[in-house]
Amino acid sequence: MGDPPRMTLNILKVLTVLLEDPTAEHYGLEVGQTARLRGGSLYPVFGRLEDAGLVVSRWEDVDPAEAGRPRRRLYRLTPNGVVYARQALAEARQNLTPGQEHAAGWGHIPGFPTPGGASA
Amino acid sequence: MSGWLIAILATLGTLLFGVVKADLEDAKVCRWLARHLIYRAAERLPRGERARWREEAISDTLALPPGRLPPLLWALDVYRRSGSWAQTRGAPSRWEILVDRIRAAQEWVRSLPQARTRSREESKQHHPSRNPDTAQEIMATAINGAEAVTMVSGQTSVFKSHALELAVAQADFEAWLRKQRQDFEAHIDQQVVEFRRYRDSVLLAP
């Protein structure tokens, strides 16, 4: 496992989406649409999280001819990643004042812990 | 004059805009453009990672809702941020690449005089006039090759190579060449005679 990545807003957004269901696998576009991130911001975040060992990825086991679409890259939080994500979101929650998460642009993400303790 | 220039530029601009607009209204063109942008973006990444990220980005682009703009915007964003993304993946920045290229060019220019001197020395060593063995070898190769070519194509220009000129006196070479040509023509004449004889025997056979 590498060093934990420098925490940025984009990393927080991605971790929030992945933490909604830590055991599930998500593909890039799905995460990007939920977190409202485009590819140029999303792929570097996945790369950094993967380098740090917080996320693992694999190619989807589908036959593109049968599925009618190319295979997807699936991402899932590692156990370390789950712990790290929970800590990072808790710290972010502590550092936020009510309403600030909306100003920062992540208040729309389902599951993001708001300062009051309830999920958005 | 400037009025004409403005009119021409405006016409060209209108035509170009129309072509681009028509292309962008075609979803296939947009998807092609998106794919092209992603390929270009992936080229900036370290070599070992390009295929993976390219495939992933294209897969996501194709999974976007149908329409011409979403894939294009997605790909544009990937391309726009690919420089900084590549740096986080360990690829050198454009500035570093430029500096490296300039340094390599400087080294190459500096090495030119040495390379020229070395080339001259090697050329002297292998010059036929300095080395009888080399001259003999060139002569043998040229004559053997020349005979083979003569029998196949009859071309004579190949004989007069630079190496042969250096190794053989001009008069000897021309005499040898005349002899080769005579032999070749005699050979052809013989073939023609034999062919006519065969043809007559077939056509005039009872």
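Let me begin with the nonpolar core. In this predicted model, the largest nonpolar core contains 41 residues. The residues with the most contacts inside that core are Val14(A), Leu18(A), Ile38(B), Ala75(B) and Val78(B). Two names in that list belong to chain A and three to chain B. I shall use Ala75(B) as the point of entry to the helices of chain B.

Which residues does Ala75(B) touch, not counting residues up to four places away in sequence? They are Ala34(B), Leu37(B), Ile38(B) and Thr61(B). Ile38(B) is itself on the list of core residues with the most contacts. Please keep these partners in mind, as several of them return in the two helix pairs that follow.

Before turning to those pairs, I should describe chain B as a whole. Chain B has nine helices and zero strands, so that is the full content of the order α-α-α-α-α-α-α-α-α from the N terminus on. The chain has 206 residues, of which 17% count as buried. For contacts in chain B with a separation of 6 or more, 57% are between residues 24 or more positions apart.

The opening helix pair is H2(B) and H4(B). Two packed helices are described by the angle between their axes and the distance between the axes. Helix H2 of chain B covers residues 27-43, and its axis comes within 8 Å of that of H4(B), with a crossing at roughly 15°. Because the angle is under 35 degrees, H2(B) is roughly parallel to H4(B). The crossing of H2(B) past H4(B) is left-handed.

On the H2(B) side, the residues that meet H4(B) are Cys30(B), Arg31(B), Leu33(B), Ala34(B), Leu37(B), Ile38(B), Arg40(B) and Ala41(B). On the H4(B) side they are Pro71(B), Leu72(B), Trp74(B), Ala75(B), Leu76(B), Val78(B) and Tyr79(B). Sorted by class, this contact has 13 nonpolar residues, no polar residues and two charged residues.

One member of this contact deserves a closer look, namely Tyr79(B). Tyr79(B) is located in helix H4 of chain B. Is Tyr79(B) buried or exposed? Tyr79(B) counts as buried, because 21 C-beta neighbours lie inside 10 Å, and the cut-off is 20 or more. Leaving aside neighbours within four places in sequence, Tyr79(B) is in contact with Leu37(B), Arg40(B) and Ala41(B). With Leu37(B), the C-alpha to C-alpha distance is 6.0 Å, although 42 residues separate the two in sequence.

The next pair is H3(B) and H4(B). Helix H3 of chain B spans residues 50-63, and helix H4 of chain B spans residues 69-80. Their axes lie 9 Å apart, and the helices pack at an angle of about 155°. Since this angle is over 145 degrees, H3(B) is roughly antiparallel to H4(B). H3(B) passes H4(B) in a right-handed crossing, whereas H2(B) passes H4(B) in a left-handed one.

H3(B) contributes Ala57(B), Asp60(B) and Thr61(B) to the contact, and H4(B) contributes Pro71(B), Trp74(B), Ala75(B) and Val78(B). By class, five of these residues are nonpolar, one is polar and one is charged. Ala75(B) thus appears here, just as it does in the contact with H2(B).

H3(B) also leads us towards chain A, by way of Glu56(B). Glu56(B) lies in helix H3 of chain B. Why does Glu56(B) count as buried? The reason is that Glu56(B) has 25 C-beta neighbours inside 10 Å. Which residues does Glu56(B) touch, not counting residues up to four places away in sequence? The answer is Gly28(A) and Arg73(A). Within chain B, the C-alpha atoms of Glu56(B) and Ile38(B) are 9.9 Å apart, with their positions 18 residues apart along the chain.

This brings us to the interface. Here, 15 residues of chain A are in contact with 17 residues of chain B. On the chain A side, helix H2 (28-35) and helix H3 (39-51) each supply at least two residues. The largest share, seven residues, comes from H3(A). By class, that side of chain A has four nonpolar, five polar and six charged residues.

Finally, chain A itself. Chain A has six helices and three strands, in the order α-β-α-α-β-α-β-α-α from the N terminus on. Of its 120 residues, 34% count as buried. Among contacts between residues at least 6 apart in sequence in chain A, 56% join residues at least 24 apart.

Key
Residues numbered from 1 in each chain as written. Chains lettered and ligands numbered in written order. Predicted model: local features only at pLDDT ≥ 70, side-chain atom pairs only at ≥ 80, totals over all residues. Helix = DSSP H or I, 4+ residues; strand = E, 2+ residues; numbered from the N terminus. Buried ≥ 20, exposed ≤ 12 C-beta atoms within 10 Å, placed from the backbone. Contact = placed C-beta atoms within 7 Å. Nonpolar A, V, L, I, M, F, W, Y, C, P; charged D, E, K, R; others polar. Core = buried A, V, L, I, M, F, W, Y, C linked by C-beta atoms within 7 Å. Axes fitted to C-alpha atoms, helices over the stretch in contact; angles between N-to-C directions. Parallel < 35°, antiparallel > 145°, perpendicular 65-115°, else oblique. Left-handed = near helix turned anticlockwise from the far one by under 90°.
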